[in-house]
Amino acid sequence: MQKRQLGQNGPMVSAIGYGAMSFTNFYGPATQEGSMRILDACVDLGITHIDTANAYGMGKSETIIGDWLKKRGGSSPFTIATKGAITRDPDQRLNNDSAHLQEALDASLSRLGVEEIDLYYVHRRDTRFEIEEVTETLASFVKAGKVKAIGFSEIAPSSLRRAHAVHPIAAVQSEYSLSVRSPELGLLQTCKEIGASLVAFSPVGRALLTDRPHSAETAQTFDWMKNNPRFQEPNISANLAYNAKFCALAADMGYPAASVAIAWLLHQGLHIHPIPGTRSVDHLKEVAWGAEIGLSAEEIARIETVLPVGWAHGDRYSVGQWAGPERYC
């Protein structure tokens with residue numbers, strides 16, 4: 001597994017991390033035993049960056065990681081990132097207040113069973129607070145020795161610059177893949193400029209960039225997907241047609257589609273860190289294989305001919321799902 005530096009002065013971690021939202025039932029039933037097997041497989045595959053959040057399963061994801069670490073004993077083999085700011089309050093879904101973030105951080109530390117978190121993100125911007133104020137709060141966590149580095153999720157390049165002027169921002173988490181190219185309109189460039197990592201979630205397009213995409217019928221069984229424009233008709237049928245072309249190309253290249261999708265992402269810059277999530281060890285092996293594939297300029301061109309910028313039908317979020325992410329283009 002190749003290594004990449006996480007942030008300006010951060011640790012060298014595996015080029016591919018693991019997104020532990022899959023330890024919850026978001027994309028289907030998840031079990032404690034299955035999640036433990038995934039963490040074991042991460043160690044076997046050389047995956048050393050684990051990403052979670054307090055909102056994933058209302059703390060379930062963090063608790064599973066903490067239980068695994070306790071059972072394993074000794075020093076952690078992972079660089080752990082987690083997030084706070086999404087609440088259970090239906091009237092105030094986001095909270096960047098200092099006291100709330102402090103409480104959320106302490107609860108995450110307890111569930112994970114660690115004394116210090118390697119990378120702590122604000123999960124979503126709460127526009128009641130200026131980003132400089134929120135960054136000061138995060139910086140205080142670093143000063144207190146509870147956090148090694150800080151980041152934000154789904155923020156605009158302009159917000160990133162403002163935050164970085166207060167304290168070094170080690171990473172920005174954003175959806176980025178062959179199906180979501182919007183970070184190329186400023187976020188990738190700004191991260192590179194300041195030395196921050198871009199941590200790409202949903203790097204295989206919520207299965208649209210794999211050999212086993214969700215059918216229109218299956219998508220309707222997931223609460224999030226059935227309300228997402230890309231998985232509603234007529235968009236889902238159009239997207240599956242593109243998926244078929246991409247899978248055929250990947251097979252012609254001799255790889256699983258997910259491996260090619262990950263390889264394409266890694267090719268876009270050394271500061272990019274995909275964090276695919278899965279409940280399947282076999283699929284985990286497929287995405288990890290992507291780190292071993294060196295794509296040529298000709299292969300990149302073939303991929304982008306089959307999946308040109310803007311191919312995906314439907315917005316990546318519904319109106320309700322857009323609550324929190326900053327739109328900047």
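In this predicted model, 10 aromatic pairs are present. A pair of aromatic rings is characterised by the distance between the centres and the angle between the planes. One of the pairs joins Phe26 and Tyr27, whose ring centres lie 4.8 Å apart with 85 degrees between the planes, an edge-to-face arrangement. Phe26 is partly exposed, at a relative accessible area of 28%, whereas Tyr27 has a value of 17% and is therefore buried, the limit being under 20%.

A further pair is formed by Tyr120 and Phe141; the centres are 6.2 Å apart and the planes stand at 70 degrees, so this pair is also edge-to-face, for which the angle must be over 60 degrees. Distant parts of the chain are linked by this contact: Tyr120 belongs to strand β6 (residues 117-122) and Phe141 to helix α4 (residues 131-143), with the two positions 21 residues apart in numbering. Tyr120 is buried, with 0% relative accessibility, and Phe141 is buried at 2%.

Phe26 and Tyr27 also belong to an aromatic cluster, together with Trp224, Tyr317 and Trp322. The face of Trp322 is covered by Arg327, which lies 4.0 Å from the ring centre. Another charge placed over a ring is that of Lys245, whose charged end is 5.2 Å from the ring centre of Tyr242.

Trp322 appears again in the description of the second largest pocket. This pocket contains about 380 Å³ of space. Its lining comprises 23 residues, of which Val180, Arg181, Ser182, Arg316 and Trp322 are the closest to the centre. Classified by type, the lining residues are 12 nonpolar, 4 polar and 7 charged.

How values were computed:
Residues numbered from 1 in each chain as written. Predicted model: local features only at pLDDT ≥ 70, side-chain atom pairs only at ≥ 80, totals over all residues. Heavy atoms only, no water. 1 Å grid on protein atoms, 1.4 Å probe; cavity = no way out; pocket = protein on both sides within 12 Å on 5 of 7 lines; lining within 4 Å. Points joined across faces, edges and corners; volume = space filled by probe spheres on them. Nonpolar A, V, L, I, M, F, W, Y, C, P; charged D, E, K, R; others polar. Phe/Tyr/Trp six-rings, centres within 6.5 Å; stacked < 30°, edge-to-face > 60°. Buried < 20%, exposed > 50% of the residue type's maximum accessible area, 1.4 Å probe, protein only. Helix = DSSP H or I, 4+ residues; strand = E, 2+ residues; numbered from the N terminus. Lys NZ or Arg CZ within 6 Å of the ring centre and 35° of its normal.
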